[in-house]
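Me: I should like to go through this structure by way of questions. Please reason briefly each time and finish on the value or name requested.

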Amino acid sequence: MNKKELIVLWFGYNDLTFSKFEQIFSKFNDLEDILTIKNIKNADCDKSIVEIIKKLRSENLDKFEKKVMAEMDKYKILPVTYFSNAYPEKLKNISDPPLVLYTKGDVTLLSKDSISIVGTRKPTTYGRIVCENFTKELSRAGLVTISGLAYGIDTIVAQKTLEIDGKTIAVLAGGLDSIYPPQNTGLANKIIENGGLLVTEYKPGHKPLQFQFIRRNRIVSALGLGTLIVEAGKSSGTMSTANFTLEQSRELFVIPGNITSPQSEGTNALIDQMPDIFTVSPSRILYKLNIKVQKPNEEKSKQQADLVQSKILEILEDGEKTFDEVCDLLNISASMLSTKLITMEMFGLVKKGDGNKYYKL
Amino acid sequence: MFSKISSFGLSGLKGFRVDVEADTSLGLPKYEIVGLPDASVKESKERVRSAIKNSGFKFPTNHITINLAPASIKKVGPNFDLPIAISILQSSNQITGKKCQDFIIIGELGLDGNIKAVNGILPTLISARGDGYTKFIIPEPNKNEASFIEGIEVYALSSLMEVVGLLNGSIEFKCVEKSIWKGEPSDKISEDFARVKGQRVAKRAIEIAVSGGHNILMVGPPGAGKTMIAKCIPSIMPDLTFEEALEITKIHSIAGELDLKKGVVSTRPFRSPHHTASVVSLTGGGKDAKPGEVSLASNGVLFLDELPEYSRSNLETLRQPLEDGVITISRASGSYEYPANFMLVASMNPCPCGYYGSSVHECTCSPSQIQNYLKRLSGPLLDRIDLKIDVEQVDFLELSSNTLEESSEEIKKRVDKARAIQIERFKNTGIHTNSKMTSKMISEFCKLDSESEELIKFAFEKFNISARGYNRILKVARTIADLDGAENISSNHIAEAIAYRNIDKFSL
């Protein structure tokens, strides 16, 4: 690590804000100068900046580097500083980029074409199905998926990407030494094993505090070429991601939902304001982002449906139905219908949702 | 003078012979009971004195020593009042003749000399018969209970005077007539499935569960009808066999829960302890190691409503009985084993507010709250539950419709048929139902054809089923095949068994 990067790392470790860093950077073209320049007081800087520079100069940087790198090695973390080659350009053009990214996994993913997929932590069955489909399609088209590793949509995005051997990035709101939520620790490990990436702007040991989740969202949106919102409540964290996306002038894609569903209130309101973001198919996203689709390999192991099964599919054609409804319409025994439906579910023809409801896929 | 009367005490379900010895000798008037009596036996001193006096006999004013042998086992309960009184009367020559030696005498005395009912007559008499005793004097209120035991001569008497009359030969008594056991339909008080509208999945799953004795968990929002469905279960449970009835009666007799008028439990028990129940009340225990709810539910249903509300320690204690079908209670006074061969029926909401995943109400819980709620059920416990199903609210149209639902009687016919097949299959193996199959039996009775093999392999990968889950699916499939009357498990049976696994709710 060169001196310049080391200084940025030190700034990062001492929680220097980007605006102060910008001031320093504008004063000293060569960052290494601040270690050597004689009269710092004449440099025409804020008092607080002079203070921090003084503190930096009193620090033994070799010692600091050794200490930090030992810590990074312990958790197998690779710090990517603002000046590092691996630091993605697209992150530099937002208003408040992180000075240091702490990463675990394949850092080259940061600069690849990617799509952020976000949404509620408590998706409906509709949201689950849609999220699964979009994630798989977009990932198959070669995009890296980005999510926040929270419950719900975030988890589905990571899982489904892994399922089809795609690459995914998880942006965390706390240090990489412990994963939040802890239930997703296993998933985080899987992401790394499958050549994905965990990334955060917080040093190891930093607890995931509430406000950081919102701040984290700016990185989620900035890393993607665009952001896809699957389901979001009226005042949810997802809405902040939507705002960041627009602020950073990235593409925003919003999937419409049932107007009676609370989990779609936020998304529907967004579409109401900006009809242009209305998204119903992954191909539209790929078209807008100008991604050439590599011929997607059909994985559909769809089995030939038998007579009863095709009747069931016919019934489910006009919307989801409960088990009892299908049972009444077909007039067959519950045991027979159970058998048919589970077989169809296994072969990806239908999906069972909450409350014994069945959806056609 | 010295006298000896035989009686019987109980330790768990096993009886043991107690010799009640009385010795009256000259000396200062004194009256002492020795031989490890507990408080209730010590109190019998006063009851016996008054009962003798008020029955018109004379209480000796000598030095009286009562010994309950063997002195090494603790004696509990008022069962020994009557033998103590008889031994005192004999030692003071108010009973003549040797007839006393023929009988095992059991009974509690009132101050007026009347004999009161005692607990545990059935297991006591069965144990005593096993040890070769055939003549008994027991309290009159217990006679119905005793009437079901073959090969013994029982006199059920109501007062101390009558007992003395019988022993002196001055009054003639007839011994208790034998009753013939007949199964009783168990749906008298319970709800009928004909009144449960819709809920086809739940009904079918319950039918399978009852047929094969599988444990079942129903997950659904409040008001969906989980409790209603559970209450219908007694109406489709297969009839008791005499052996099962005796087994149940024994436990209920010890616990003092037996209806003395009937004398035998003729319906399968349906126990639903509240979630505030203590561990001891569930498992059994306490001072005299009484059987708990898990034993009282043996051969029947243990219904736990709102499963996550039970304390963790309560739920974890269920693991051994769920696995072994017995519960061992170890106390300072000894170790007791009671049967705990119940079928677990449990219900729960999907989250603290109850509406997670509901299409009618919005759930107000945070994801971590839901996680924590579901986490109250440990993996090992869930592993022992064969069927996990969703129960969803039925909409108004369906509720108010007049469609005829299948009645419990029709369902019960199918259940009985499936049970009969199982009883035939497991003859001489000590188990009655598919749910209790060991892994060896599974490989013997659950052979799969190649198509089923393929299907289960596919499901394995698709749904991440555990090894334990594999066996569970096979057991349930076996029951489904039995309901179908099929000799071999087909791929359809396997598919249906997989359908009742409800894996989604427990992996958010």
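Me: How many helices and strands does chain A have?

Reply: The model is a predicted one. Along its principal axes, the C-alpha trace of chain A spans about 90 × 45 × 35 Å. The secondary structure of chain A amounts to 16 helices and 11 strands.

Me: What share of the residues in chain A is buried?

Reply: A residue counts as buried when its relative accessible area is under 20%. Chain A has 361 residues and exposes about 16,600 Å², with carbon and sulfur atoms supplying 49% of that area. The buried share of its residues is 55%.

Me: Is A:Gly12 buried or exposed?

Reply: A:Gly12 belongs to helix α1 (residues 3-13) of chain A. Leaving out residues up to four places away in sequence, A:Gly12 touches A:Leu99, A:Val100 and A:Tyr102. Its relative accessibility is 18%, and the limit for this class is under 20%. A:Gly12 is therefore buried.

Me: Why is helix α8 of chain A described as largely enclosed by the rest of the structure?

Reply: The cover over the buried residues of α8(A) includes β3 (114-118), α7 (125-140), β4 (144-147), β5 (168-171) and α9 (185-193) of chain A. Among those buried residues are A:Ile153, A:Ile156, A:Val157 and A:Leu162, and also A:Asp154 and A:Lys160. Helix α8 (residues 153-163) is largely enclosed because its buried residues number 9 of the 11.

Me: Which residue just after α8(A) takes a positive phi?

Reply: Most residues other than glycine have a negative phi. The residue in question lies in the loop between α8 and β5 of chain A. It is exposed, with a relative accessible area of 60%. Its phi is about 60°, and the residue is A:Asp165.

Me: Which residue of chain B, in the loop between α10 and β14, has a positive phi, and is it buried or exposed?

Reply: The loop runs between α10 (293-296) and β14 (301-304) of chain B. The residue there has a phi near 65°, a positive value in a residue other than glycine. Its relative accessible area is 9%, so it is buried. The residue is B:Asn299.

Me: Which residues does the cis peptide bond with omega near 0° join?

Reply: Most peptide bonds are trans. In chain A, a cis bond joins A:Tyr180 and A:Pro181, with omega about -5°, and A:Pro181 lies in the loop between β5 and α9. In chain B, the proline concerned is found in the loop between β4 (63-69) and α2 (81-91). The cis bond with omega near 0° runs from B:Ala69 to B:Pro70.

Me: How does B:Leu36 count in terms of accessibility?

Reply: B:Leu36 is found in the loop between β3 (30-34) and α1 (39-54) of chain B. Apart from residues up to four places away in sequence, B:Leu36 touches B:Ala71, B:Ser72, B:Ile73, B:Lys74 and B:Lys75. Its relative accessibility is 40%, and the intermediate class lies between 20% and 50%. B:Leu36 is therefore partly exposed.

Me: How many residues does the largest nonpolar core have?

Reply: The residues with the most contacts inside this core are A:Ile312, B:Ile206, B:Val345, B:Ile389 and B:Ile494. Leaving aside neighbours within four places in sequence, B:Val345 is in contact with residues including B:Ile216, B:Met218, B:Val301 and B:Phe303. Apart from this core lies another, of 66 residues, among them A:Ile7, A:Val68, A:Ile169 and A:Ile229. The number of residues in the largest core is 72.

Me: What area is buried between chain A and chain B?

Reply: The size of an interface is often given as the accessible area lost when the parts come together. Here 25 residues of chain A are in contact with 36 residues of chain B. Carbon and sulfur atoms give 56% of the buried area, which is about 2,600 Å².

Me: Which residues of chain A lose the most area to chain B?

Reply: The residues asked for lie on the chain A side of the interface. Together they account for 24% of what that side buries. They are A:Lys122, A:Asp324 and A:Met346.

Methods
Residues are numbered from 1 along each chain as its sequence is written. Chains are lettered from A and ligands numbered from 1 in the order in which they are written. This is a predicted model: local features need pLDDT of at least 70, side-chain atom pairs count only at pLDDT 80 or more; totals for chains, interfaces and linings use all residues. Side-chain values use heavy atoms; hydrogens and water are left out. A nonpolar core is a set of buried Ala, Val, Leu, Ile, Met, Phe, Trp, Tyr and Cys residues joined through side-chain atoms within 4.5 Å. Buried means under 20% relative accessible area, exposed over 50%, partly exposed in between (1.4 Å probe, protein chains only). Contact means heavy atoms within 4.5 Å. Buried area is the accessible area (1.4 Å probe) that two parts lose on being put together, summed over both. Helices (H or I, at least four residues) and strands (E, at least two) are DSSP runs, numbered from the N terminus. Accessible areas come from the Shrake-Rupley method with a 1.4 Å probe; for residues, only the protein chains shown count as cover.
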